[in-house]
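Dear colleague,

Please find below the structure I wished to hand over to you. My findings follow directly after it.

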Amino acid sequence: VAPASAEEGGNISLGATLTHGDTGAPVAGASVGFMLNGTPARSATTDASGVATLSLPLGSLPPGTHPA
């Protein structure tokens with residue numbers, strides 16, 4: 001999962017790519033859970049390329065660096 005950034009009060013786009021450990025082939029149709037500040041946020045399903053994306057509102061989250 002790559003670092004992401006957003007404007008205060010906006011939405012943040014998160015993404016992850018899931019591949020098979022032995023072959024490196026993309027894993028389609030898998031659920032990927034995303035966390036924000038160590039708390040489960042939501043999940044997204046991988047597409048045919050193994051990519052899961054999710055857009056989350058930041059709400060009242062203060063500016064700064066927040067761990068996954």
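How much area does the protein expose, and what share of it do carbon and sulfur atoms supply? The exposed area is about 4500 Å², and carbon and sulfur atoms supply 53% of it. Please bear in mind that this is a predicted model.

The protein has four strands and zero helices, in the order β-β-β-β along the sequence. Of its 68 residues, 19% count as buried. Among contacts with a separation of 6 or more, 41% are between residues 24 or more positions apart.

Strand β1 (residues 11–17) shows alternating side chains: I12, L14 and A16 are buried on one face, whereas N11, S13, G15 and T17 point to the other face and are not buried. In a regular strand the side chains alternate between the two faces of the sheet. Strand β1 runs antiparallel to β4 (residues 51–57), to which seven bridges join it; G15 has T53 of β4 opposite.

The largest nonpolar core consists of ten residues: I12, L14, A16, V32, F34, A44, A52, L54, L56 and L58. Two or more of these residues come from each of β1, β2 (31–36) and β4.

V32, in strand β2, counts as buried because its relative accessible area of 15% falls under the 20% limit. Beyond its neighbours within four places in sequence, V32 is in contact with A16, L18, R42, S43, A44, T46 and A52. V32 and A16 are 16 residues apart along the chain, with 7.8 Å between their C-alpha atoms.

Yours sincerely

Note on methods. Residues numbered from 1 in each chain as written. Predicted model: local features only at pLDDT ≥ 70, side-chain atom pairs only at ≥ 80, totals over all residues. Heavy atoms only, no water. Buried < 20%, exposed > 50% of the residue type's maximum accessible area, 1.4 Å probe, protein only. Pairing = 2+ DSSP bridges. Core = buried A, V, L, I, M, F, W, Y, C linked by side-chain atoms within 4.5 Å. Contact = heavy atoms within 4.5 Å. Areas by Shrake-Rupley, 256 points an atom, 1.4 Å probe, with all protein chains shown as cover.
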